[in-house]
Every structure is written in C-alpha cells, then in structure tokens.
Number of protein chains: 2
Amino acid sequence: MKKVYKASCKEEEKFLEQYDSKAFDPIALSVDAVVLGVMKSETDNYRKLDKQILRVLLVKREEYPYKGFYSLPGGFVGKCETMEDTLSRTLEAKTGLKKIYSEQLYTFGEVNRDPRMRIVSCAYISLLDEGKTQVSGAKWFDLNEIEQMRLAFDHKEIINEALKRLRGKINYTNIVFHMMPQQFTISELQEVYEIILGEKLLAPAFRRTIAGKIVDTGKMTGNAGHRPSRLFKALEM
Amino acid sequence: MKKVYKASCKEEEKFLEQYDSKAFDPIALSVDAVVLGVMKSETDNYRKLDKQILRVLLVKREEYPYKGFYSLPGGFVGKCETMEDTLSRTLEAKTGLKKIYSEQLYTFGEVNRDPRMRIVSCAYISLLDEGKTQVSGAKWFDLNEIEQMRLAFDHKEIINEALKRLRGKINYTNIVFHMMPQQFTISELQEVYEIILGEKLLAPAFRRTIAGKIVDTGKMTGNAGHRPSRLFKALEM
DNA sequence: ACAATAGTGTCTTTCAGACATTATCCG
DNA sequence: CGGATAATGTCTGAAAGACACTATTGT
C-alpha cells in the first residue's frame, strides 16, 4: 500500500513546501503493548497435567512519573516510523521479544493520562505461546495479581480492554492459535479457552466446534501416567 | 475517570517541571469520522415501499493537498481536547451534526498518508438515522458511487474498514439501532440488515432472531396501499 | 487395580433455513 | 378483486447442551 504523493500543480507544490509542521499543538504519540502469554505452572502431583495460566508482561519504570511502578512495554512513535515499527522496536528493546503476533487494540487519549504532557497512546495486543515466553528486562504477572497492584498511567484499564477484546474475538476468529505452540492437545486448547472465557466448557461440544479448525498431526503425547493424547496443529490462519 | 496526578516527591515534581514537551518528533494527531446514514429514496410506484440506501457523508476539501477532492470530515486534535471532543467539534463545524452516536474504529498511521507532514488519524464511526440526515457543508454519497471516486488521503480505505466493522458487529451487538429512527417496522429493520450485510434474509428467521431486541409500540403504519405494519422501538441499548 | 486424562455415543433441546400460507390494507 | 406488504405456521436439519460411557496409559 505504499503510495508516493505527487503534487498536482505548482501552486500545490508551493503550499506543501511552506507548510509549517510545528504550527500544531505538540501531542506525543506512543504505542503500548499488552503482551499476553499462556504458561504452564507445575502441579504437585506428577500424574496431573500442568495448569495453564494467562499472564501479562510488564516492565518496571526507571524514571518519573510512576517511577518504580510497573507499566506496559511501549515507547514514543518516531517521526518516520509506523506504529507497528514502534511496537516491534520497543518490544525488542524492553522485553527481548521479536516477531510477535500483534494487532491494534484501541487508542487512549484522555487529556491527563500522562502528567508530563499530552500523550495519546495507541495500544496493541500481542500474543505469545509458551515457547516464546523467555524475556529479558520484563516480568510476567498473573492477571489476579495485577488486580491488586497499582500500575502506571491508565495501563490497568488498557489491560482490561485487551482481555475484553480477546474474550470477544476468541469465538469467531482463530486468534487463540497465536497463543498455542505448534502442536497441542485438544485439552490444552480447551483450557486456554476456559482461561480466557472464565468458564468451564463441556468437552464433547468443544471438540465438535473446533474440529474444523485443527488438523491431527499423527503424533501423540506420552509418558504422562495416563492415556496419551493426540497432538493437533492449527489449520490455516 | 478523571484523575489528577500528584507528584510523589520533590524530585518528581522537579522532573515534571523541567520536562521538555518539544523534545519529541512532531506528529500531528487528527480525527476522522466515517458518518454513515440510512436514507429512503422514493420509488416510482406509490404503493411500493421506499428503498433504503446506505450513504457516507463527505466534505469537499478547500485547500491543498487533495484540493477539490472529497474527504471524511475531521480535524486536528487540540492540546487539551480528547479525541471525542475533536470529533464533536469538527463534526458540528463541517456538517452541522450534533450529538451523534460514535465509536472508535481504528487508528491509521502510515508514514506518508498525508503529504504535508506526519499525521496519524484516529478514525471513528458515526451512525445516524433518517431523522438526522439534514446536513450543511457536507454531501451524502452512495457507497457504490464512492467506489468509482478518488478520495483524499487514505479515506477510501478508512471507509472500507468502517463497513467491515459494521458488518462484523451487526450480528452480535445492538449497533444497528443507532441507524434506526425511534420507531420502525420490522421490514425496515430487516432492510437495513440486508444493506449492511449485502445479502437477502428470510423474514421468519429474521423476526425470530431480533424478537428479543425490540418492543412493540402498539402503533401501526397506515395509508400505504397495503397491509399496515406494527411499529417497534429498540429495547435497552 | 487405580488414578488420571482422552475420547466417543447419544439423547435432548434449541435454533436456523426454507417454503407455504394467511392477513390486511387501498384503490 | 388485485396488487402490495405484513405476519405466522411448520417441517427439516444442523448444531449446542448435557450426561454417561468407554479407552489407554504409568505406577
């Protein structure tokens, strides 16, 4: 979708040359990422399956304002950078993550959301699977844990919007597969649905409804102290 | 959600005082509105119902760039203005419309979308019913008509996103009632669904599915050369 | 055998699709 | 009556909810 604009006449050319881009009120634009990942937490009983948990990735602020508080990873949009560029750049710088699935969430523009100056933030949702949850400079938090914390700026509100969006989209898109590893069992997939939706689902109905979205890899899990499970992969995303 | 930020200590207070808000690259933030309305176009036969049409409201640009082309109504976000404030202000200034239902659509940030300078635009969808389609300084366009036109900036792309969003939301929200007058017949409502979804629907199924979202007003249409129709209103939005 | 998870069978209920039918107005 | 739209009846088939049941592993 690159298109280079070409002035239609001399008059327009002149107009564009003389245009003063400093004439507008200084509003800074930033990008913040709600990085969500599903992780396994080991259980006491070796025969039981690991419970999966939904976590958010936060970074501790080193500077005022909200120094010492945790915040979403993000940063200012450079003059010649798309917001997606800013997202990749700041995610890599602050968390070490590269090439993560992301989509735009919402743009937050309350006038006093940042005490320094007027900053409008375009928030993104980024989704990870268990295999990519190794990070540097950032820390994973349980969602319940976050409820009790005070976060920087309006970042708690942004996280809540992200969860709402995820819940809304899980049933009519294939977004969930961005949180799954290459291969997974149906039970694991169901558990991720349950975590996101916040309710238990019935296995037979679940299997029926997702049957069209997954493919059997032919492989099986094993060595688990119980019946092995088929491994599936996502079908066309 | 107003909250006034209070510096936690002298050190932070000093930091905030000395903060140079001009240090960042100048990126202008604008708001653009995709104003959609359903209008009736009179038919040849007096006994036939008026056909409804979905239209978009555009304004002709008076200045470069894209002078003379049609564009979405919008404008720059002022320093002490929320984006919703900007939306109301520019909508009223450029179209005369006040207090229109609007929701944020998407934020468009391609680097060269505006030849003047870097301008990021937060787009909104605004919906009108037939009763509010009187405008000044702006013009309504059929959607097919727009397909053939060249619009300013990336505004055609923005309109297409708006339609996609509308189509996506119509089936699991009550958004459609923002395009309906206070009272309407089920046939009118069905026609709006058909326009937005781009397909014919079967009347019995349609009636069943929307039955829970509307209330009978007890009133009827009349004098139409055919059987009168019940008038309904939207239930809780 | 037992604990634990994987996976299927099937009955019921709910709901969408499809088409036919009846109802009511106006001229 | 005839043209037009409004509204309902009902059959069918697909899909969701619910629950019981069978299957397979490691210890």
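**Exercise 1. Decide whether E103(B) counts as buried or exposed, and place its side chain in context.**

Step 1. With a relative accessibility of 13%, E103(B) counts as buried, where buried means under 20% relative accessible area, exposed over 50% and partly exposed in between, found with a 1.4 Å probe on the protein chains only. The model is a predicted one, in which local features need pLDDT of at least 70 and side-chain atom pairs count only at pLDDT 80 or more, while totals for chains, interfaces and linings use all residues. Residues are numbered from 1 along each chain as its sequence is written, chains are lettered from A and ligands numbered from 1 in the order in which they are written, and side-chain values use heavy atoms, with hydrogens and water left out.

Step 2. E103(B) is part of strand β5 of chain B; helices (H or I, at least four residues) and strands (E, at least two) are DSSP runs numbered from the N terminus.

Step 3. The side chain of E103(B) makes a polar contact of 2.5 Å with the side chain of Y101(B). A polar contact is a pair of N or O atoms within 3.5 Å; within protein, one must be able to donate a hydrogen and the other to accept it, and residues adjacent in sequence count only if both atoms are side-chain atoms.

**Exercise 2. Find out how many disulfides the whole structure has, and examine C80(B) and C122(B).**

Step 1. Searching over all chains gives zero disulfides, a disulfide being a pair of cysteine sulfur atoms within 2.5 Å.

Step 2. For C80(B), the closest cysteine sulfur is in C122(B), 18 Å away, and therefore too far for a bond. C80(B) counts as exposed because its relative accessibility is 66%.

Step 3. C122(B) is in no disulfide either, and its nearest cysteine sulfur, that of C122(A), is 7.7 Å away. C122(B) counts as buried, since its relative accessibility is 0%.

**Exercise 3. Describe the surroundings of DNA strand C.**

Step 1. There are 25 residues around DNA strand C, and those that come nearest are R47(A), S187(A), R227(A), H226(B) and R227(B); a residue is near a molecule or strand if one of its heavy atoms lies within 4 Å of it.

Step 2. Sugar or phosphate holds 61% of the atoms of DNA strand C within 4 Å of the protein, and the rest belong to bases.

Step 3. A side-chain N or O atom of N45(A) is 3.2 Å from a phosphate oxygen of DNA strand C. Base nitrogens of DNA strand C are approached by polar side-chain atoms of R47(A), at 2.5 Å, and of R227(A), at 2.8 Å. The elements giving two or more residues to this surface are α6 of chain A and α6 of chain B.

Step 4. Sorted by class, the surface near DNA strand C has seven nonpolar, nine polar and nine charged residues. Here Ala, Val, Leu, Ile, Met, Phe, Trp, Tyr, Cys and Pro count as nonpolar, Asp, Glu, Lys and Arg as charged, and the others, Gly among them, as polar.

**Exercise 4. Describe the surroundings of DNA strand D in the same manner.**

Step 1. DNA strand D is surrounded by 24 residues, of which R47(A), R227(A), R47(B), S187(B) and G225(B) are the closest. Of the atoms of DNA strand D within 4 Å of the protein, 59% belong to sugar and phosphate.

Step 2. On the base side, a polar side-chain atom of R47(A) lies 2.6 Å from a base nitrogen of DNA strand D, and a polar backbone atom of G225(A) is 3.4 Å from a base oxygen. On the phosphate side, a backbone N or O atom of R230(B) lies 2.7 Å from a phosphate oxygen of DNA strand D.

Step 3. At least two residues of this surface come from each of α6 (203-210) of chain A and α6 (203-210) of chain B, and by class the surface holds seven nonpolar, eight polar and nine charged residues.

**Exercise 5. State how chain A is built.**

Step 1. Chain A has six helices and nine strands, and its C-alpha atoms fill a box of roughly 75 × 45 × 30 Å, taken along the principal axes.

Step 2. Of the 237 residues in chain A, 47% are buried.
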